[in-house]
Every structure is written in C-alpha cells, then in structure tokens.
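Got your viewer open? Let's take a walk around this model, one selection at a time.

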Amino acid sequence: MSRAAVLAGIGACLPPRLVTNAELAARLDSSDEWVRSRTGIAQRYMADSSVLTSDLAVGAGSRALKSSGHPHVDAVVVATTTPDRPCPATAPTVAGKLGLGHAAAFDVSAVCSGFLYGLASAAGLIAGGIAERVLVIGAETFSRILNPADRSTSVIFGDGAGAAVLRAGSSTEEGALGPFDLGSDGEGVDLITVPAGGPPPEGGWPDPVPDDYYFTMQGKRVFWLAVQRMGQSAQMVLDRAGWRVDEVDHLVAHQANHRITRRLADEIGLPRERAVSNIAEVGNTAAASIPLALVHAHAAGTLRPGDRVLLTAFGGGLTWGATTLIWPAVDPS
Ligand code: COA
C-alpha cells in the first residue's frame, strides 16, 4: 500500500450549440451518411465566438469540485490544444474564475493525449507530497482552429470540457490511478499540426486567414498509428497492473473515430462492446474526450463501482498514454 492519486469527482460542460452532420454537409462536399459510417459521429457541440476555452473549463471544473464534495484543490492542470491565449497558460484564469485562491496552475499541451498527461502530472504531484487535491481539466474550443474549407477535419472535431478531481489516498482504494505509460514520437510532428498563428487575437485573425493558422491532420496515417500506439500503451499498463485483458470491464479510449476504437479493442483482444463510446453525440473533443466519455458513461450507469477501467489516448506530437483504475463510487456532478 502506498500513497496514490484517487478519483474523487468528475464533471463536464458542453456549449449549447448543437451542430449536426447535415448542417456541415450543407456547406461542405460531404454527407451525413459519409460522416456516420467513416467516423461514427452524428453531431457535435460548438462554442459561439464569445465562449472561451476557460469558460468551458470552469463549467466542467466547478461540477467536478461539487462532485468531489470539497470546494478546494492545491493545483489546477488544464489540458488543451486551444488555450485562451498563446501566453499565459489558461489554467491560472480557470483557477481564478473558480475562486481557488493561489492554487498552482499550469497547462499541459499534448493535444488528444492531454488529459492522460494531465492525470499523470497530477498523480505525480500527489505521490510526491506536493499536493493533496488536484483538479485536472481537458477543455477545447477546437472549432476555432478548424479550416472551414477542410471537410476531412471540419466534420470530426467538437468543443467541450471534462474534468476530474484527484485526492491523495492509498493505492489499494477504489479509484486509485494505476500505473501510467506515456510516450511520444517527434518524427510524426507534421501529421497533426497547426504550423503557425495561435488562437485568434482580440479583433480576430487577418482576413483571409492564412491556411497555416488552421489545424491539419493526415488522417489515414494517423488512423493506424493511433490503433498501434494505444494498443501497445494499453498492453503495457495492463502488464504493469497485473490485469488480464479479459478482466477489463470498460475501455475508455480517446474518442477519435469509432472505427479506431473498435480496431483497438480487436488489437488488445477485448470484446468490442466493452469499449465506451460517446463519439456519436460529441465528436472528437481532443483533450476533453476522455473525461467527457467518463462522465457520460457514469451518468448512463455503464461505469459501476468496482468495474475495471482501462484509459488510453493518442494525439498530436505524436503523443500517447494509458492508465488503469477501478471505478469508485462517485457523486453525479
Ligand atoms: N466527406 C466526404 N468525403 C470525405 C470527407 C468528408 N467529410 N473527408 C474525406 N473524404 C474523402 C477523401 O477526400 C477521400 O476521397 P478520395 O478517395 O476521392 O481521395 C476519401 O473520403 C477517403 O479519405 P480518407 O482520408 O482515406 O478517409 P478515411 O476513411 O481514412 O477517413 C478520417 C478519414 C479522418 C475520418 C480517418 O482517417 C480518421 O479518423 N483518422 C484518424 C483521426 C485520429 O485518430 N485522430 C487522433 C488524433 S486527434
């Protein structure tokens, strides 16, 4: 038994504007049928221009704090690809808006792996005795960096935020985060990238917006790398945790594409029905995807106390990671 980070609360926040495939297909050379069959996505939510990533993060964070039953944390970690500004980080703004006093606050930039990297950072702060309670938030206004003329990315991504509170506890408790695996491969830096720019400054981007300011992804190459890297990372933490794959009740993988999640389940030898999926409702929300999937699966009664959960993600960088936990009794947020 050793000191460990234990999941104590979860929360989510989606912007109100729902965007269907049909709405996007009306302006792109695409169709509802193509998007559903190639990605599993039926709709996504998009923030209006007045809504910042920090606003969504505060919504998810406040719900996670409420769910944890404790209003304070010692540190706030925000995982995001779409910070409010290039500098400073978004986390201090979030901590301030949440009334968290002088809590430590920093961002993690690992694109779609960001929430897992954030969990690992928080677990390290707790294991090292630097913090007793940490709020980890994955938040994105990804729609801001999408090229409206690029049909292969515009139909995939959505906005939103999900959060978790971790507290210091024991490694044998339900909710204790298990072993982590994290990795990167800088040789793939150009596969998922925003080469220039940054989030729009006040007053907006230059008109017309240079293409380099937008997100680009080489989808087909990323597809297979995602399956391979998440599969290896998942297997690594299963081995370290001493779990057999048939003991895993739920796979909560980054929601990039339902075909990726199904292939990943096949790759590690898990029945596909044990893979949690909410991509139909929210699309790919990058750093927010894993906590949003956890909140939705918890609310649906899919995740029950005592269930064995395997988390894994893959994203730009390239980056990837995985961890395990036994689902605890968590209050609804
Ligand atoms: N509507 C209609 N057709 C589209 C389209 C859209 N929205 N987007 C792409 N297409 C077309 C392509 O132009 C291509 O046409 P062509 O054969 O005439 O050239 C065809 O569909 C196939 O494109 P391809 O890129 O091979 O499709 P795909 O089956 O690989 O699906 C993705 C594209 C992006 C959905 C898929 O590659 C994917 O999900 N990749 C991984 C994403 C990911 O893992 N991200 C993780 C990090 S966030």
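Before you click on anything, one working term: a polar contact here is a pair of N or O atoms within 3.5 Å. Keep in mind too that you're looking at a predicted model.

**Stop 1: the ligand.** Select the ligand and glycine 219. A polar backbone atom of glycine 219 lies 3.0 Å from a nitrogen atom of the ligand. On its own the ligand would expose 960 Å², and the protein buries 74% of that. Switch on a pocket display if you have one: the ligand sits in the largest pocket.

**Stop 2: the side chains around it.** Show serine 30 as sticks. An N or O atom in the side chain of serine 30 is 2.7 Å from a ligand nitrogen atom. Now add arginine 38, where a polar side-chain atom lies 2.7 Å from an oxygen atom of the ligand. There are 23 residues around the ligand, and those that come nearest are Ser30, Arg38, Cys112, Arg151 and Asn257. Color that shell by residue type and you get 11 nonpolar, 7 polar and 5 charged residues.

**Stop 3: the helices that feed the shell.** Go to cartoon view and pick out helix H2 (32-39), helix H6 (151-154), helix H7 (219-241) and helix H8 (258-268); each supplies at least two residues of the shell. Which helix gives the most to the shell? That's H7, with 4 residues.

**Stop 4: the two domains.** Color 3-170 and 177-326 separately. Why does the ligand lie between domain 1 and domain 2? Because both domain 1 (3-170) and domain 2 (177-326) give residues to the shell around it.

**Stop 5: backbone oddities.** Zoom in on cysteine 87 and proline 88: the peptide bond joining them is cis, with omega near 0°. Proline 88 belongs to the loop between strand E4 (75-79) and helix H4 (91-97).

Next, jump to aspartate 207 and proline 208, which are also joined by a cis peptide bond, with omega about 0°. You'll find proline 208 in the loop between strand E9 (192-193) and strand E10 (216-217).

Last, select valine 111. Valine 111 isn't a glycine, yet it has a positive phi of about 50°. Look for valine 111 in the loop between strand E5 (104-108) and helix H5 (114-127).

Definitions and conventions:
Residues are numbered from 1 along each chain as its sequence is written. This is a predicted model: local features need pLDDT of at least 70, side-chain atom pairs count only at pLDDT 80 or more; totals for chains, interfaces and linings use all residues. Side-chain values use heavy atoms; hydrogens and water are left out. A residue is near a molecule or strand if one of its heavy atoms lies within 4 Å of it. A polar contact is a pair of N or O atoms within 3.5 Å; within protein, one must be able to donate a hydrogen and the other to accept it, and residues adjacent in sequence count only if both atoms are side-chain atoms. Accessible areas come from the Shrake-Rupley method with a 1.4 Å probe; for residues, only the protein chains shown count as cover. On a 1 Å grid over the protein atoms alone, a cavity is a set of points where a 1.4 Å probe fits but cannot get out, and a pocket is an open set with protein on both sides within 12 Å along at least five of seven lines; lining residues have an atom within 4 Å of a point. A molecule sits in a cavity or pocket if more than half of its atoms lie within 2 Å of its grid points. Ala, Val, Leu, Ile, Met, Phe, Trp, Tyr, Cys and Pro count as nonpolar, Asp, Glu, Lys and Arg as charged, and the others, Gly among them, as polar. Domain bounds come from an automatic or database domain assignment.
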